[in-house]
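I opened this notebook to record what I looked up in one structure. The entries follow the order in which I worked.

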Amino acid sequence: MFFQIFDAFKSRLHDSNSKVNQVALEAMHKMIPLLRDHLSPVINMLIPAIVDNNLNSKNPGIYAAATNVIQSLCQHLDNYLLLQPFCTKAQFLNGKAKQDMTEKLA
């Protein structure tokens with residue numbers, strides 16, 4: 001059930017409507033402190049959805065919401081859960097997103 005919920009939610013993080021995308025990121029930011037390590041089964045699915053288009057977004061609201069989500073993940077989840085997905089993203093991203101993910105890894 002947890003996978004089904006986040007699988008559906010993941011598509012909102014990639015929505016072509018920027019308002020939907022931003023609200024989904026803001027909702028994710030609110031969910032992280034509540035769910036904490038219960039997110040571990042879906043973290044490999046969520047991080048690419050959060051990072052791929054959102055950290056390179058030219059929309060300042062989407063970029064800010066995405067960076068807030070990444071910061072919240074770093075604050076509320078164990079680092080070992082984030083290390084592998086962050087490394088993978090830092091390796092294959094470009095631009096501002098690559099810089100942001102590299103800074104989080106450091």
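The entries below go from the whole chain to one helix and then to a pair of rings.

**Entry 1: the chain as a whole.** I noted first that this is a predicted model. I looked up the secondary structure and found six helices and zero strands in the chain. Read from the N terminus, the order of elements is α-α-α-α-α-α. I then checked the radius of gyration, which is 13 Å; the globule rule gives 13 Å for 106 residues, so the chain is as compact as a globular protein of that length. For the extent of the C-alpha trace along its principal axes, I recorded about 35 × 30 × 20 Å.

**Entry 2: burial, surface and contacts.** How many of the 106 residues count as buried? I found that 37% of them do. The accessible surface of the chain is about 6000 Å², and carbon and sulfur atoms account for 56% of that surface. I also looked at contacts between residues at least 6 apart in sequence, and 66% of these join residues at least 24 apart.

**Entry 3: helix 2.** I chose helix 2, which covers residues 18-35 and has 18 residues. From its first C-alpha to its last, helix 2 reaches 25 Å, close to the expected 26 Å. I next looked at both ends. At the N-terminal end, Asn17 acts as a cap, with a side-chain oxygen 2.9 Å from the backbone nitrogen of Lys19. Just after helix 2, I found Arg36 with a positive phi of about 45 degrees.

Which residues of helix 2 are buried? I listed Asn21, Ala24, Leu25, Met28 and Ile32. An α-helix has 3.6 residues a turn, so residues three or four places apart point the same way. I then asked what covers the buried residues of helix 2. The cover includes helix 1 (2-13), helix 3 (43-51) and helix 4 (60-76).

**Entry 4: aromatic rings.** I searched the whole structure for aromatic pairs and found one. The pair is formed by Phe6 and Phe9, whose ring centres are 6.1 Å apart. Their planes stand at 80 degrees, and planes over 60 degrees apart count as edge-to-face, so I entered the pair as edge-to-face. Phe6 and Phe9 both belong to helix 1, and because they are three residues apart there, about one helical turn separates them. Are these two residues buried or exposed? I found that Phe6 is buried and that Phe9 is buried as well.

Conventions
Residues numbered from 1 in each chain as written. Predicted model: local features only at pLDDT ≥ 70, side-chain atom pairs only at ≥ 80, totals over all residues. Heavy atoms only, no water. Helix = DSSP H or I, 4+ residues; strand = E, 2+ residues; numbered from the N terminus. Expected span 1.5 Å × (residues − 1). Buried < 20%, exposed > 50% of the residue type's maximum accessible area, 1.4 Å probe, protein only. Contact = heavy atoms within 4.5 Å. Polar contact = N/O pair within 3.5 Å; in protein donor to acceptor, adjacent residues only side chain to side chain. Phe/Tyr/Trp six-rings, centres within 6.5 Å; stacked < 30°, edge-to-face > 60°. Rg over C-alpha atoms; globule rule 2.2 N^0.38 Å. Areas by Shrake-Rupley, 256 points an atom, 1.4 Å probe, with all protein chains shown as cover.
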